[in-house]
Structure formats: C-alpha cells, structure tokens
Amino acid sequence: LKKLKQLKMKTQFTKGKWIEIIHDYIKGEIFIYCNEKPIIRIAINNYATKSEAKANAKLISAAPDLFEALINIENDDNRIPSTIWEMRNKAINKALGEEIFKTKAE
C-alpha cells in the first residue's frame with residue numbers, strides 16, 4: 001500500500017482522459033488530447049500504415065488507464081505467476097523511467 005501511494009505521487013503525466021483525434025492523414029498528423037488540449041502529436045511516416053498509426057494512437061491514449069490498472073494489481077497472496085508479476089513490474093518501471101520494483105536481471 002505504501003508503494004502504491006509512492007507510485008501515484010511519482011506519476012507526472014497529464015491527468016485526465018486521453019483521446020486520439022485524427023487531424024489529417026494527408027499531412028500525417030494524429031493528436032492525443034487531454035482536457036481538450038493536444039498533448040501528443042503522432043507523425044505518420046512511411047514506416048507506418050494509416051491503420052497502424054491509428055492503432056498506435058489508440059494504444060498511446062490508453063496508456064494512463066493501463067498504468068492505473070497495473071499499479072492497482074496486488075499480489076499479497078502470491079497467486080499471480082512470477083513471470084506475469086515480473087512483466088507488470090517491468091512495465092511500471094519503464095513507464096516511470098526508474099526502477100521502483102526490483103526485477104530479475106535479464
């Protein structure tokens with residue numbers, strides 16, 4: 001519970017519901033908005049198809065919800081398989097840019 005409070009305090013991403021909006025496929029722009037303001041611009045390049053770019057935008061816009069879900073998963077009774085728990089911890093560490101949870105060396 002203490003670590004959960006620390007995690008919530010460490011999150012510095014823009015608070016609010018993130019939504020993706022396709023601005024212009026011709027110019028190659030998709031934006032992620034939060035609180036009616038653009039916070040991320042996704043450039044569509046020659047390496048991503050339009051459908052891939054749209055899928056990428058959806059995944060990015062889901063990031064705060066996914067992060068919230070991960071930090072709220074508890075494993076007090078050690079029922080979650082260790083490989084899954086390790087994936088959860090690595091994802092949280094990656095999102096925060098620091099090692100909050102110790103993970104096995106690769």
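Biologist: Which residues do ring pairs link into a cluster here?

Modeller: That would be Phe13, Trp18 and Phe67. Bear in mind that this is a predicted model.

Biologist: How many aromatic pairs does the structure hold?

Modeller: There are three aromatic pairs. In one of them, Phe13 and Phe67 have ring centres 5.8 Å apart and planes at 85°, so that pair is edge-to-face.

Biologist: And where do Phe13 and Phe67 sit in the chain?

Modeller: Phe13 is in the loop between α1 (2-10) and β1 (18-24), while Phe67 belongs to helix α2. They are 54 residues apart, so to speak of distant parts of the chain being linked by this pair is fair.

Biologist: Is Phe67 buried or exposed?

Modeller: Phe67 is buried, with a relative accessible area of 7%. Phe13, on the other hand, has 32% relative accessibility and counts as partly exposed.

Biologist: What lies over the face of Phe13?

Modeller: Lys15 does, at 4.4 Å from the ring centre. There is also a case with an arginine: the charged end of Arg88 sits over the ring of Phe101, 4.7 Å from the centre of that ring.

Biologist: Let me step back. What does the secondary structure come to?

Modeller: Three helices and three strands. Going along the sequence, you read α-β-β-β-α-α.

Biologist: OK, now the inside. Which residues make up the largest nonpolar core?

Modeller: Eight residues: Trp18, Ile30, Ile32, Cys34, Ile42, Ile44, Ala53 and Ala57. Two elements, β2 and α2, each give two or more residues to this core. The largest share, three residues, comes from β2.

Biologist: Is there another core apart from it?

Modeller: Yes, another core of six residues lies apart from it, and Phe67, Ile92, Leu96 and Phe101 are among its members. So Phe67 turns up again, as a residue that is buried at 7% relative accessible area. Phe101 is familiar too, as the ring under the charged end of Arg88.

Biologist: Back to Ile32. What is it in contact with, leaving aside neighbours within four places in sequence?

Modeller: Quite a list, including Trp18, Ile19, Glu20, Lys37, Pro38, Ile40, Ala57 and Ser61. Trp18 and Ala57 also belong to the largest nonpolar core along with Ile32.

Biologist: How much of the protein counts as buried?

Modeller: Of its 106 residues, 26% count as buried. The accessible surface comes to about 8000 Å², and 55% of that belongs to carbon and sulfur atoms.

Biologist: New topic: which residue in the loop between β2 and β3 should I look at for its backbone?

Modeller: Try Asn35, which lies in that loop, between β2 (29-34) and β3 (37-43). Its phi is near 55°, a positive value in a residue other than glycine. Asn35 counts as exposed because its relative accessibility is 52%.

Biologist: What about Asn78, where is its place?

Modeller: Asn78 is in the loop between α2 (50-71) and α3 (82-96). Phi of Asn78 is near 55°, again a positive value in a residue other than glycine. With 63% relative accessibility, Asn78 counts as exposed.

Biologist: Last one. Which element has the lowest mean pLDDT, and which the highest?

Modeller: The lowest is α1, with a mean of 66, and the highest is α3, at 93. The protein as a whole averages 84, and 85% of the residues score at least 70. Where pLDDT is low, the predicted coordinates should not be read in detail.

Definitions and conventions. Residues numbered from 1 in each chain as written. Predicted model: local features only at pLDDT ≥ 70, side-chain atom pairs only at ≥ 80, totals over all residues. Heavy atoms only, no water. Helix = DSSP H or I, 4+ residues; strand = E, 2+ residues; numbered from the N terminus. Buried < 20%, exposed > 50% of the residue type's maximum accessible area, 1.4 Å probe, protein only. Phe/Tyr/Trp six-rings, centres within 6.5 Å; stacked < 30°, edge-to-face > 60°. Lys NZ or Arg CZ within 6 Å of the ring centre and 35° of its normal. pLDDT = per-residue confidence, 0-100. Core = buried A, V, L, I, M, F, W, Y, C linked by side-chain atoms within 4.5 Å. Contact = heavy atoms within 4.5 Å. Areas by Shrake-Rupley, 256 points an atom, 1.4 Å probe, with all protein chains shown as cover.
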